[in-house]
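Let's take a friendly walk through a protein fold, piece by piece. Have the 3D view open while you read, and turn it around as you go.

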Amino acid sequence: DQVPVSVIIANYNSGHYLNDCIRSINSGLWPLEIVLVDDASIDDSLALAKQLATEFSNLRIIALPNNGGAAAARKIAIQEARSEWIAIVDADDCLEQGAVATALQQALLEGSDICLWQLWRFDGNRQWPILTLDVENFPISGRKALVATLGKWNLHPLGVSKKALYASAYSGFNQTTFNADELLTRLVFSRAGLISVC
């Protein structure tokens, strides 16, 4: 069995992290696919990704000839994604076992368009939650989520989302916009009906 989610990774010179990232995504039930877009890395990222693809049959690699930035790389991956659900993961992220499946189950259970993960920061031997998302306060509307990003970021976009939200947000969007991730997150939240947390 596979989880019907396309995991999106935009990679630029993150070879040091890729092995742990890919292995963490595929711990437990594998997602349908991991779409890794290499944004013209100049380290060993692409070679390492190709090596990992021999071990993980769900890893697809798209190698770009020129560096265009993370937003543009993610747009390509989302267009190529085979599932109606996606999860955007940074190349230096690690997921807990079953994170993709758990988020999808929660989204389906609550009829939400997005299910966010709890997010932790690791720095040497220290670790702490970046934001505390109290599950009892969710699900919330996309509009409420958008408001939670204004002034101070009280919400993050990382989790499992309906692909259509991102496809819509990207339409007519200039990927070279400064702080493209922040604008895209707000566009996605504004299009969401309900947002859950797991």
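## Strands 2 and 3, and the helix between

Keep in mind that what you are looking at is a predicted model. A good place to start is strand 2, which covers residues 31–38, and strand 3, which covers residues 59–63. These two run parallel, and five bridges join them. For one of the pairings, find Val35: its bridge partner in strand 3 is Arg60.

How does the chain get from one strand to the other? Helix 2 (residues 45–55) joins in here: strand 2, helix 2 and strand 3 make up a β-α-β unit, and that unit is right-handed.

## Strand 4, covered on both faces

Now move to strand 4, residues 85–88. Are its residues buried or exposed? On one side sit Trp85 and Ala87, on the other Ile86 and Ile88, and all of them are buried. In other words, both faces of strand 4 are covered.

Strand 4 also has pairing partners. Strand 1 (residues 3–11) runs parallel to strand 4, and three bridges join them. Look for Ile8, whose bridge partner in strand 4 is Ile88. Strand 9 (residues 159–162) pairs with strand 4 too, this time in the antiparallel sense, again over three bridges. There, Trp85 stands opposite Lys162 of strand 9. Remember Lys162, as we'll meet this residue again.

## Helix 3 and what covers it

Helix 3 spans residues 70–80, and its buried residues are Ala71, Ala72, Ala73, Arg74, Ala77 and Ile78. When you look at a list like that, one rule is handy: an α-helix has 3.6 residues a turn, so residues three or four places apart point the same way.

What covers the buried residues of helix 3? The cover includes strand 1, strand 2 and strand 4, along with helix 6 (163–170) and helix 7 (180–191).

## Salt bridges across the chain

Next, the charged side chains. A search of the whole structure turns up eight salt bridges. Take Arg23 and Glu55, whose side chains meet with N and O 2.8 Å apart. Arg23 belongs to helix 1 (residues 15–25) and Glu55 to helix 2, so this pair ties together parts that are 32 residues apart in sequence. Both ends are partly exposed: Arg23 has a relative accessible area of 34%, and Glu55 has 43%.

Another salt bridge links Glu33 and Arg82, with the closest N and O atoms 3.6 Å apart. Glu33 is in strand 2 and Arg82 is in the loop between helix 3 and strand 4, so parts 49 residues apart in sequence are tied together. The two ends have contrasting surroundings: Glu33 is buried at 1% relative accessible area, while Arg82 is exposed at 58%. This pair also belongs to a network of salt bridges that links Glu33, Arg60, Glu80 and Arg82. Arg60, you may recall, is the bridge partner of Val35.

And here is Lys162 again: its side chain meets that of Asp113 in a salt bridge, 3.1 Å from N to O. Lys162 lies in strand 9 and Asp113 in the loop between helix 4 (99–110) and strand 5 (114–116), so the pair ties together parts 49 residues apart in sequence. Lys162 is partly exposed at 33% relative accessibility, whereas Asp113 is buried, with a relative accessible area of 13%.

## Cysteines without disulfides

How many disulfides does a search of the whole structure find? Zero. Why doesn't Cys21 form one? Its closest cysteine sulfur, in Cys94, is 6.3 Å away, which is too far for a bond. Cys21 is buried, at 0% relative accessibility.

Cys198 has a cysteine sulfur 3.7 Å away, in Cys115, but that is still too far for a bond, because a disulfide needs the two sulfur atoms within 2.5 Å. Cys198 counts as partly exposed, at 23% relative accessibility.

## A buried serine

Finish at Ser196, found in strand 10 (residues 194–197). Ser196 is buried, with a relative accessible area of 0%. Its side chain and that of Glu110 are joined by a polar contact of 2.5 Å.

Which residues does Ser196 touch, leaving aside those up to four places away in sequence? Among them are Gln106, Ser112, Ile114, Leu116, Phe138 and Pro139, as well as Glu110. Cys115, the cysteine with its sulfur 3.7 Å from that of Cys198, is on the list of contacts of Ser196 too.

How values were computed. Residues are numbered from 1 along each chain as its sequence is written. This is a predicted model: local features need pLDDT of at least 70, side-chain atom pairs count only at pLDDT 80 or more; totals for chains, interfaces and linings use all residues. Side-chain values use heavy atoms; hydrogens and water are left out. Buried means under 20% relative accessible area, exposed over 50%, partly exposed in between (1.4 Å probe, protein chains only). Helices (H or I, at least four residues) and strands (E, at least two) are DSSP runs, numbered from the N terminus. Two strands pair if DSSP finds at least two bridges between them. A crossover is right-handed if, with the strands pointing away from the viewer, the path from the first strand over the helix to the second runs clockwise. Contact means heavy atoms within 4.5 Å. A polar contact is a pair of N or O atoms within 3.5 Å; within protein, one must be able to donate a hydrogen and the other to accept it, and residues adjacent in sequence count only if both atoms are side-chain atoms. A salt bridge is a side-chain nitrogen of Lys or Arg within 4 Å of a carboxyl oxygen of Asp or Glu.
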